[in-house]
Amino acid sequence: MKRRAFLKKLSILTGCAVIGISAIAGAVVGAAHAEEFKVAIVLPGVVTDKSFNQAGYEGVKKASEDLGFPMAHSEKVPQPDQPEALSDYARRGYNVVIGHGGEFQESVNRVARRHKDTMFIVVNGTEPKDNVATMVFDMKSMGYVIGYTGGKLSKSGIGGFVGAQKIKAYVELGEGFDAGFKAARPDGTAKSAWTNDWDDIAKGKEAALNLISQGADVIFPTMDNGVIGSLQAVKEKGQKGFGIYYDAVVDWPDTVVQSAVLDMRGALGTILETAKNGKLEGKAYKYGFETPRAFRLGSFHDSVPAEVQADVESVVAKIKSGEMTP
Amino acid sequence: MDFIFDLSQLTDFLATTLRLSIPIIFAAVGGVISEKAGVFNISLEGCILGGAFGAAVGAFYTGSPFGGLIVAMLCAGGAGLILAVLGVSLGINQIVAGIAINILMLGLTSFLARFLFGGEATTMTLVGFHPIAIPGLALIPVLGPVLFNQDLLVYMMYLMVPAAWWILFRTPWGLNIRAIGQYPRAADTAGINVQATRYYAVVASCMLAGLGGAYIVLSQVFVFTEHMSAGKGFIALSALILGRWNPVGALLAALLFGLFDALQLRLQFNSPDVPYQIFSMAPYLASILALVLLSGKVRPPAAIGVKFVRGAK
Amino acid sequence: MLKFVETLYLFRSLWAVLAALLVGALLISMTEVSAWTAYRELFSGAFFDYYGVASTLVKMSPILLAGLAVVIPLRAGLFNIGAEGQIYIGALTASMAALYLPEMPAFIHISIVVVAGAMGGGLWGFIPGYLKAYHGINEVIVTILMNYVGINLVSFFAGGPMMQEGAPYPYSPEIAEHLWLPWIMDGTDAHAGVLVGIFLAFVVWVAMRYTTIGFALDTVGKNLTAARYAGINVKRQILVSMFVAGAIAGLAGTFEVIGLKYRLYHMFSPGYGYDGIVVAFLAGLNPVLVPLSALFLSGLKAGAHIMQRATGLESTVIDAIQGLVIIFVAASLAFRFDRTYWRRVLDSRKALHQTLEQKT
């Protein structure tokens, strides 16, 4: 009896395996490696976050439409699955594989060793190498200008910066914010909060509420999906906030006063054009206020006084000309 | 830690605690009802998520938070119905059934949310409930704004917990539920319809958990995001154990979990050098310790997880 | 005819899987991708593509071991929901042994690392076993709670004392290369952990079937009183089965570290321990079938990613389909072939047929 039961189970499970065979009848195994240029991007979060991930996804999409090459993307790839996703695209013949975020550096290093013919790009990366290019944004300057604007607008003299994880790029952004805030308000202080979560909206909201309850009245949230929560808290409490990655004044009319536009469309457009022409090198590609296609301020909200706007513009001009380095 | 000595900051801290506890309270009390009836409800997590999704869909299409509330309960109740069919009628292991429902809800809600809302899913702000201050009571320092300047769902919770306790322990209906969880055969002999009562209990349990999910969407963040339940259902399972299978106990335990969570967030925000994991872990350690100290005195319902077959030996 | 109906019942899991895939096809057909293409990519990717098979095997290693960690105590009637936590603690103790022990010959070091991982997981299984045996505390609840403690402990170590300096994410430094498990497929991440898993499944099967250990466990699971009369030390059976289960889950965590990631990551397991429960039930609690059901489930998971990359279809739909497969298969197992019922049905049908024929 026991033996029969065993055979029974065995037959059931082989049946399950057989499904695979029937399902692929006629399928061509192993994609042919085409010679055409194609690009894949691996993203840590969802492409609908109106922040870092959406900016990256739309950047590659725009470039693929403008320059006419096929693209693919994987979203919500957790840290442990990064190497598999990256190397799978490399094997499928994608010429350029983008790891979207500094947290991809370690995985890209590992995968790039095995796929010498593929170019990898790490956005906010730290270690460019033979076939690894990095895209570096001058986060410190951006943070400085946003902090400066915040300092000029703050009534309480306390500014708030919300980050997710202490990745190098965001630490610099926060330091810049701090420096800029103090430059505009020598008697003020800038507080920061780290949520350890890029996407948790409720956490983003709690972090901002926490800063506001400590007196902060200008908040600069820099997570992914979590930004929405922070801006909601800012809106509910009637304070001022800053957008990031795109011009957020449109979406948050009475809350956001200015945005740190790190324009992935522009940045990725430029770098992918270079790649398509076969000129991409394993070095750090830098973006700052001098490359406005990729890096600039958004639009001011109408409530921002003209003299503050002018002050901020002059700071940007100074950074651009190299007269000042935050 | 100096926020404890500043009245306005203390108020904010306690408000955070309550906000983080509400979904857990709804789910934990729901879990008590189901487990009292002898059915493990591991799918609380999926029910919260279903409730959150339903709330978003309902609020989006009807333009009213009440529409959201109804759809939330329907979605979560549907998940409960699946659990009841699998775990009560078919007698499939309730834990396996619960895990399957969690996986299903995670995939289904994420998929359908993208399908229905598209790229706008995270930026559109849904209609939701807004705080209503109770005249007089809301003026009490610290506790007033925390407890009595809340929205409808929180006031519903204030009523729901005593009601659940009263129904479970003071009405014949509650007696039936407890009887079929302890000794279904005797209950059956006494003329109680074991299967039907278990169905009601499981569906009600999931609907309550769904209200917890609705709270996250309609009162807290006003958007739906994928996997926004983030393990709250499992925390509710622990809370109901720490609360000794009693709605009031579950409430207190859930508040404790919320307090630790709020503390943990504060630490993460303000002093990143203190390992916040210690506070994330504390409620679970407390639950295990409570089980050890209370062992022998408090036991889960005896017939939990066991399929009841009428007339079988 | 009776034979035919019985055969239909035999393959009920298969029908269930097909039914689940069919419902899934409805979901997929809501998008622009055709269900046929999606499934073709999924299954050909997971089972018939060199690199796809490799990523299936990568996932199969922990899922298979977690499945065994659920099967063993369940034979004695104990529900180990704690494989997830045991995986984490196993990985923690193994990486500690790998990173902090003084230099020694590779062979000795790797043995110590593996034993440390198994012991860590074993301890995490032993605690709920002890509480069950000596305090009568429900092991379902304790193992669930201990998962969170384990996950948070690893988060603490990977992001605190063990974290690599300057790392952008909580993870430990890399372990020495001589401790890495060998690869079993060239140019891929597939490592020897899965082979150890299959071997262990066989060992457990033999032990369950041909030794008194299996008999003792089954007796405890089926009839506690009979077990006591037969002179079986029930408490010891509980302790041993939970320890062994924890140790096997601990190995799953160990192999994730020394076979795949070479570092201790925080949150490295996406719920393999819970997958183990599903796998154990799909295999009908038979250890020798666990590898097959683990292969199926890991193929589904690996294939989902491959399908997403190939077709651009949302991978979320695969989560839903996985849930459907488990629900349908679990439901199908509730329908047992009832010989007397079907004989009666078929007989009455025959009788009806005969009377009808006589009339005409």
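Between chain C and chain B, in what is a predicted model, about 3,600 Å² is buried, and 83% of that lies on carbon and sulfur atoms. On the chain C side, the residues that lose the most area to chain B are Leu145(C), Tyr148(C) and Ile327(C), which together make up 16% of what that side buries. In terms of contacts, 40 residues of chain C meet 41 residues of chain B.

Let me stay with this interface for a moment and ask which elements of chain C give two or more residues to the side that touches chain B. They are α6 (106-135), α7 (139-159), α12 (272-282) and α14 (316-333) of chain C, and the largest share, 12 residues, comes from α7(C). If we sort the residues on that side of chain C by character, we find 29 nonpolar, nine polar and two charged. As for specific polar pairings, the count of salt bridges between chain C and chain B is zero, while one residue pair is in polar contact, with both residues at pLDDT 80 or more.

I now turn to chain A, beginning with an open sheet of six strands, whose order is β2-β1-β3-β4-β5-β11 and whose pairing is parallel. Why is one side of β2 (71-74) and of β11 (284-287) left without a neighbour in this sheet? These two strands of chain A stand at the edges and each has a single partner strand, so there is nothing in the sheet on the other side. Averaged over the sheet, and with direction ignored, neighbouring strands are turned by 20° against each other. At the β11(A) edge, the partner is β5 (residues 132-137) of chain A, which runs parallel to β11(A) and is joined to it by four bridges; within β11(A), Lys286(A) is the residue that stands opposite Val136(A).

Packed on this sheet is helix α3 (residues 82-91) of chain A, which touches β1 (39-42), β2, β3 (96-99) and β4 (119-123) of chain A, and whose direction makes about 170° with that of β3(A). The same helix brings me to a side-chain pair, Asp88(A) and Arg91(A), which meet in a salt bridge at 3.4 Å, N to O. Because Asp88(A) and Arg91(A) are three residues apart in helix α3 of chain A, about one helical turn separates them. Over all chains, the count comes to 24 salt bridges.

Chain A also holds an open sheet of six strands in the order β7-β6-β8-β9-β10-β12, and here the pairing is mixed. Its edge strands are β7 (189-194) and β12 (295-297) of chain A, each of which pairs on one side only, and the average turn between neighbouring strands, direction ignored, is 15°. Which way do β9 (residues 240-244) and β10 (residues 256-262) of chain A pair, in the parallel or the antiparallel sense? They pair in the parallel sense, over four bridges, and Phe242(A) stands opposite Gln258(A) in β10(A).

The last element I would like to place is helix α6 (residues 168-184) of chain A, which lies across β6 (158-163), β7, β8 (218-221) and β9 of chain A, and which runs at about 175° to β6(A).

Terms used
Residues are numbered from 1 along each chain as its sequence is written. Chains are lettered from A and ligands numbered from 1 in the order in which they are written. This is a predicted model: local features need pLDDT of at least 70, side-chain atom pairs count only at pLDDT 80 or more; totals for chains, interfaces and linings use all residues. Side-chain values use heavy atoms; hydrogens and water are left out. Contact means heavy atoms within 4.5 Å. Buried area is the accessible area (1.4 Å probe) that two parts lose on being put together, summed over both. A salt bridge is a side-chain nitrogen of Lys or Arg within 4 Å of a carboxyl oxygen of Asp or Glu. A polar contact is a pair of N or O atoms within 3.5 Å; within protein, one must be able to donate a hydrogen and the other to accept it, and residues adjacent in sequence count only if both atoms are side-chain atoms. Ala, Val, Leu, Ile, Met, Phe, Trp, Tyr, Cys and Pro count as nonpolar, Asp, Glu, Lys and Arg as charged, and the others, Gly among them, as polar. Two strands pair if DSSP finds at least two bridges between them. Axes are lines fitted to C-alpha atoms, for helices over the stretch in contact, and angles run from 0 to 180 degrees between N-to-C directions.
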